[in-house]
Amino acid sequence: MTTTALLLALTERTDSTGPTCLLELDDRPQILGLLEQLEGLDIADATVLATSEWQDDLATALSEAGQTAAVKGVADEAAALEGLADALEAATRSGDSLLIIQADLVTHRGALANLVQDPRIDSGVLSGTADMDGAVFSLRLDQGRIIDCESPYHRVEPGQTWFLEAVTVDPAGAAVGSEACRECASLISSPPAPWLAESARKQDALRRDPATSPGSTDALALLTTGLVRHGAELRSVPLRDLYWARPTDRGSAEAAAADRAQVDEEQVMLDGAVKAKDGFFTTFFVSPYSKHIARAAARMGLTPNQITVFSLLLGAAAAAAFAFGTLPGRIVGAVLLQLAFTFDCVDGQLARYTKNFSAFGAWLDSMFDRAKEYLVYAGLAYGAVRTGADEFIWLLAAGALAAQGIRHLLDFSYAASRTGQARELQQPPLEAVDGVSVGLPPAKEAAAPIRHANRLETTWLRWPKRIITLPIGERFVVISVTAAVWGAEVTFATLLIWGAIAALYSTAGRIMRALT
Amino acid sequence: MTNALRSYRDDLPPIDHASGSASLGPGALVVGGVAPGVAALVATQEAGIWVGLTLGWFILVGSLIGSRSPLGWLVPPIIRAAEYGFVIGLTWWVDPAAMPAAFALLAAISYHEYDLVYRQRHQAGAPPRWLLVALGGWQLRMALVFVLAAADLLTPGLWTMAGWVGVVAVGESVHSWLSLKPDPRTSMESDDDVLD
C-alpha cells in the first residue's frame, strides 16, 4: 500500500510576515526539508493545502527547489476542512494511506517512519510526552488507542500525552475522516455556543502564555477529534527521544535547527528497538549490548526469524552440553544458554529496528522460548542421571516444567478476563466540547509534560516488583548459574521455590484486584 | 466467559459445550472436585478405587464449571495444575522409573497449550476442533493416564501419548502457519504485556 502526503500550511508567523513553513531552517525553507524527509520514506506524492494569500509564494518556493508538489489555496478554516475532506476521499478511492502533517513541523525522518512504515499501525497519530515547543493539544489513550483528542473547540481533561500534528490514516480511516471533516466544516461556519466558549477560554489562556503559540485554529486537531468521535481506531505513535518543534519565528526556527542537530537520531531509533517494558536483567544486562548485535544483523540483511531459529539452535546446544552432566559440560551449557537468550532478545529488537514484523514471527519467538527452556530442563535431568542421580531428578524437572506452564496460564487467563471487561466507550457527538476523558482520573502511567519527575518517582519500586515474578531473563540466569555451580537439583529446586513465590505473589494481587 | 478463557481450558469436544452450566466459582472446583476423594483416600487407604473416583468426580465438576465468577480466570490454571499434578503424582507413586516419559508427555501437552494461547493471540483464532478431539482434552488425557497406571503400562503408554500429542500438535500448528493468509488484525508483538 502506498502512502501519499498532505501538508498543511495554514499557520502564520508571530510577526505576521507569512506562513511558518517558509521560515529558513538550515538555509532553506522548512517545508523543503520536510518534503525531502518524506521522499526518504518513499512518499513522493505530496500536496500542500495553504492559506490562499500564501499560495503563490509557496508555489514559487517549491518550484524553485524543483519540487512538484501541488499547492491548493483555501480561504478560511471551513474551506481548509473541506480541502482535507477532499484529500481523504481521494485516498479512500485510490486505496492509499494518507499522511497529514503540518508543513512547519521540524522533526526527524525516523519519527515519521515510525508513523508510516510500521505494519502494525494502520491509522495513527504522532504523540509525545516531553515538554515541547509548539505542542498545545493533548490526547487521552487507552492501551495505546486514542480515545480523546483536544482541539480548539474540544477539551481533554486530564490529558495524557501531546498531539504532535502528524496523522496517518488507512483508506477506511480516511472514509471516516472525510465524513468527520465535512461535519466539522459545517459546524464551524456557525459554531455552537459551547464551541465559542471553549475557544474563547483557550484564546484567553494563550494571551497569558504566548509561548504556546500555534493552535488558535487547527484543522488537523479537529480532524483527529472527528476521527475519534466517529469511532475510528487511531494508535498513538510515541516520539520517544526524537526532536519535535513547530517554530513560529526566525529565532525559534534557528533554535529548532540547532536542537535537532543535537539529537543522535540513529541512537534513538536503536534505543527504540528495545522492548519498552522488560525484565530487570534483560533491560540492564542484555539489551544494552544486544541492540548493537541487532543493528549489525540489520546491516547483514538477516531477518528476525533467522535469528529466532539460531537462538533455538543455541538453546539445543546448551541442552546437549548440560546432558553430559559433568562440570565442564554444565559450564559450557550455561554459557550457551546465555548466548541463546541474547539472540532471543536480538530477534525482537531486529524486528522493531527494521520494522519487519509478522504474526508468524511473534508466534515462533514465543514457542521457541519454551522449547529452549524445556530442552534445557531435559538436558539437565538427563545429565544428572548420567552422573549418579536417581529418578527423583525427573520428578523435579517435571515439577519445574509444570510450574512454568501453570504460571504462564495464570498470566494469560487473567489478561483474557481483563480484556473481556474493556468496555466500548460511548463517544459524544462532535458538537460536545467535553470528550470521554473529562472526569476520568489521571492516567496511571501519566505521561504529563513533567516526564522526568514522574520517572524518578515510579522507578525504584518497579524493578523488585518485576524481578519477583521471575521473568525469562532472570530465569535463564538462575538456570545458568545454579546448573554450572551446583548442578541440576539446585536448579530445579530454585525454579520451583521462586516460581511458587512468584505465582502466590501475582495471584494474590490479582485476586484482590478482581474482587474489588 | 471470553472465547480466550474458554479455549485455554482445553476441553475435549463436545464436552466443552457443558462448561459454564454450573455457576460455581473456582473455590468449588478445588473443594468440591478434589477434597472429598482425598479425604476418602486418607480415611480408607483404598487407594486405587478412590483415586479413580476422585478423578471421575473432578472431571465432572471441572467440565461443568464456568468462568463467570469474578475469579473465573482461575479455572483454566486450576484445571491445568490438576492435570500436570495428576500425571506427575500418579507416575511418581506407581512407577518412578516412568518419570522421564511423564516429563515428555508434559512437554508435549505444554507445547499444545502454549500454542492455544499464542495462536489465539497472533493468528486471531483458535485451533480447529479436530485437533482438540485428537489430543483428547484434559478430560480424556487424565483418564487415559489413570488407565495406564492401573494396567502398569506407564512407561510405554506415556511415551506413546507424548509422541502422539507432540507429533499431532506440532504438525498441525506448522501446517496452520503454512496455509495462513496474512491478517492485518493479528498481533505482531510477542508477549508485550506479560514479562515472560
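**Figure 1. Across the interface of chain B and chain A in this predicted model, the rule finds zero salt bridges.** Polar contact is nevertheless present across the interface of chain B and chain A, where four residue pairs are found, both members of each pair having pLDDT 80 or more. The side of chain B that touches chain A draws at least two residues from each of helix 1 (3-8), helix 4 (75-94), helix 5 (99-122) and helix 8 (154-178) of chain B. Helix 5 of chain B gives the largest share of that side, with 14 residues. Sorted by class, the side of chain B that touches chain A consists of 28 nonpolar, seven polar and nine charged residues.

**Figure 2. The contact between chain B and chain A, seen as residues and as area, involves 44 residues of chain B and 51 residues of chain A.** About 4500 Å² is buried between the two chains, and carbon and sulfur atoms give 75% of this area.

**Figure 3. A salt bridge in chain A joins the side chains of A:R182 and A:E89, with an N to O distance of 3.0 Å.** The pair links distant parts of the chain, since A:R182 belongs to helix 5 (residues 171-189) of chain A and A:E89 to helix 3 (residues 77-94) of chain A, the two residues being 93 residues apart. Over all chains, the structure holds 29 salt bridges.

**Figure 4. A nonpolar patch of about 330 Å² on the surface is made by A:L327, A:I331, A:V335 and A:L339.** One of these residues, A:V335, lies in helix 12 of chain A, which covers residues 327-354.

**Figure 5. Two cis peptide bonds are shown, one from A:E157 to A:P158 and one from B:P13 to B:P14.** In chain A, the bond from A:E157 to A:P158 has omega near 0 degrees, and A:P158 is placed in the loop between strand 10 (145-149) and strand 11 (161-169). In chain B, omega is likewise near 0 degrees for the bond from B:P13 to B:P14, and B:P14 is found in the loop between helix 1 and helix 2 (26-44) of that chain. As general background, most peptide bonds are trans.

**Figure 6. A:D27 adopts a positive phi of about 65 degrees, although this residue is not a glycine.** The loop that holds A:D27 runs between strand 2 (24-25) and strand 3 (28-29) of chain A. For comparison, most residues other than glycine have a negative phi.

Methods: Residues are numbered from 1 along each chain as its sequence is written. Chains are lettered from A and ligands numbered from 1 in the order in which they are written. This is a predicted model: local features need pLDDT of at least 70, side-chain atom pairs count only at pLDDT 80 or more; totals for chains, interfaces and linings use all residues. Side-chain values use heavy atoms; hydrogens and water are left out. Patches are made of residues with over 30% relative accessible area and no salt bridge: like charges are joined within 9 Å, nonpolar side chains (Val, Leu, Ile, Met, Phe, Trp, Tyr) within 5 Å. Accessible areas come from the Shrake-Rupley method with a 1.4 Å probe; for residues, only the protein chains shown count as cover. A salt bridge is a side-chain nitrogen of Lys or Arg within 4 Å of a carboxyl oxygen of Asp or Glu. Helices (H or I, at least four residues) and strands (E, at least two) are DSSP runs, numbered from the N terminus. Contact means heavy atoms within 4.5 Å. Buried area is the accessible area (1.4 Å probe) that two parts lose on being put together, summed over both. A polar contact is a pair of N or O atoms within 3.5 Å; within protein, one must be able to donate a hydrogen and the other to accept it, and residues adjacent in sequence count only if both atoms are side-chain atoms. Ala, Val, Leu, Ile, Met, Phe, Trp, Tyr, Cys and Pro count as nonpolar, Asp, Glu, Lys and Arg as charged, and the others, Gly among them, as polar.
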